[in-house]
Amino acid sequence: MRACFAARLMPLAIHDYQPILARTRTVHRPIGPVAYDCIKIIVIRSGSAILFSEFGQKPVNVGDVVLLGANTLYGSEPEGHITVTTVYLDTDYVIDQVFWQHAGLLQDRLEAHGFAETVYSEPAQILRLGEERAGMLMPWLDELVERSIDGGFARNFYRMRRCGSASPT
């Protein structure tokens, strides 16, 4: 099984492969352009930045969520600083989740892959949830970061999966 580039940045043994990895960090300098071989969900916790991607250049602020498909080139330039929680998702793991979520409609993983490409056709998106709604995600994101730091995905699988699919409503 392959590992997301971001997961390979961490010193993990092969048995510590993680299809879900989450990190929170504060950035003060421009990043990129860079692309990862996994899906990225970036939640803006504080600050703001200009994001450069396939949609051009757009501002992101507290309460925004950036969705980046695998191999999507992007860069950012913080306006002072920006604190984000980034969730890295292995594409095979996501396709499995799509398959099982829509198992009544899909025949196999290959069909799930095509379905996902159709439904999620934009490789880079910004969702403007707002500070209050995004704030409801923070406890789940914090737990996801905490559980993925030690590299014990297998030990924390069910709880991480729950945090990763948690809905605040």
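**Exercise 1. Arg128 and its partner**

Classify Arg128 as buried, partly exposed or exposed, then find its salt-bridge partner.

*Solution.* Start with accessibility. Arg128 has a relative accessible area of 48% in this predicted model. The partly exposed class runs between 20% and 50%. Arg128 is therefore partly exposed.

Next, the partner. Arg128 forms a salt bridge with Asp64, and the closest N and O atoms are 2.6 Å apart. Now place both ends. Arg128 lies in strand β7 (residues 124-128), and Asp64 lies in strand β5. The two are 64 residues apart, so the pair links distant parts of the chain.

Last, check the acid. Asp64 has a relative accessible area of 5%. That value is under 20%, so Asp64 is buried.

**Exercise 2. A bridge between a helix and a strand**

Which residue forms a salt bridge with Asp142, and which elements does the pair tie together?

*Solution.* Begin with the total: the whole structure holds four salt bridges. In one of them, Asp142 pairs with Arg45, with 2.9 Å between the closest N and O atoms. Asp142 belongs to helix α5 (residues 138-149), while Arg45 belongs to strand β3. These parts are 97 residues apart in sequence, so the pair ties them together.

Then compare accessibility with the cut-offs. Asp142 is at 36% and counts as partly exposed. Arg45 is at 22% and also counts as partly exposed.

**Exercise 3. A bridge inside one helix**

How many residues apart are Glu143 and Arg147, and in which helix do they lie?

*Solution.* Both residues lie in helix α5. They are four residues apart, about one turn of the helix. Their side chains meet in a salt bridge, 2.7 Å from N to O.

Now sort the two ends. Glu143 has a relative accessible area of 17% and is buried. Arg147 is at 26% and is partly exposed.

The general point: side chains of opposite charge can pair when their charged atoms come close.

**Exercise 4. An aromatic pair**

Decide whether the rings of Phe99 and Trp100 are stacked, tilted or edge-to-face.

*Solution.* A pair of aromatic rings is described by the distance of the centres and the angle of the planes. Rings pair if their centres lie within 6.5 Å. By this rule, there are two aromatic pairs. One of them is Phe99 with Trp100, at 4.8 Å centre to centre.

Take the angle next. The planes of Phe99 and Trp100 are 75 degrees apart. An angle over 60 counts as edge-to-face, so that is the label for this pair.

Finish with accessibility. Phe99 is buried, at 12%. Trp100 is exposed, at 63%.

**Exercise 5. Around Ala112**

Where does Ala112 lie, and which residues is Ala112 in contact with beyond four places in sequence?

*Solution.* Locate the residue: Ala112 sits in helix α3 (residues 109-119). Its relative accessibility is 0%, so Ala112 counts as buried.

List the contacts. Leaving aside neighbours within four places in sequence, Ala112 touches Ile95, Val98, Phe99 and Leu106. Cross-check with helix α2 (residues 91-101). Its buried residues are Thr91, Tyr93, Ile95, Val98 and Phe99.

Add a distance. Ala112 and Gln97 are 15 residues apart in sequence, with 9.1 Å from C-alpha to C-alpha.

Look also at the start of α2. There a side-chain oxygen of Asp90 comes within 2.9 Å of the backbone nitrogen of Asp92.

**Exercise 6. Strands, a hairpin and Thr86**

How many bridges pair strand β3 with strand β4, and in which sense, parallel or antiparallel?

*Solution.* Strand β3 (residues 39-53) and strand β4 (residues 56-61) pair over six bridges, in the antiparallel sense. A hairpin through two residues joins β3 to β4. For the register, note that Phe52 stands opposite Gln57 in β4.

Move to Thr86, in strand β6. Thr86 is at 7% relative accessibility and counts as buried. Not counting residues up to four places away in sequence, Thr86 touches Leu21, Ala22, Arg23, Lys40, Ile41 and Ile42.

**Exercise 7. Backbone angles**

What is the omega of the peptide bond that joins Gly32 and Pro33, and what is the phi of Asn71?

*Solution.* Omega is about 5 degrees, and the Gly32–Pro33 bond is cis. Pro33 is found in strand β2 (residues 31-34).

Asn71 has a positive phi of about 60 degrees, although Asn71 is not a glycine. Its place is the loop between β5 (64-68) and β6 (74-89). Asn71 is exposed, with a relative accessible area of 58%.

Terms used: Residues are numbered from 1 along each chain as its sequence is written. This is a predicted model: local features need pLDDT of at least 70, side-chain atom pairs count only at pLDDT 80 or more; totals for chains, interfaces and linings use all residues. Side-chain values use heavy atoms; hydrogens and water are left out. Rings of Phe, Tyr and Trp (its six-membered ring) pair if their centres lie within 6.5 Å; planes under 30 degrees apart count as stacked, over 60 as edge-to-face and the rest as tilted. Buried means under 20% relative accessible area, exposed over 50%, partly exposed in between (1.4 Å probe, protein chains only). Contact means heavy atoms within 4.5 Å. A polar contact is a pair of N or O atoms within 3.5 Å; within protein, one must be able to donate a hydrogen and the other to accept it, and residues adjacent in sequence count only if both atoms are side-chain atoms. Two strands pair if DSSP finds at least two bridges between them.
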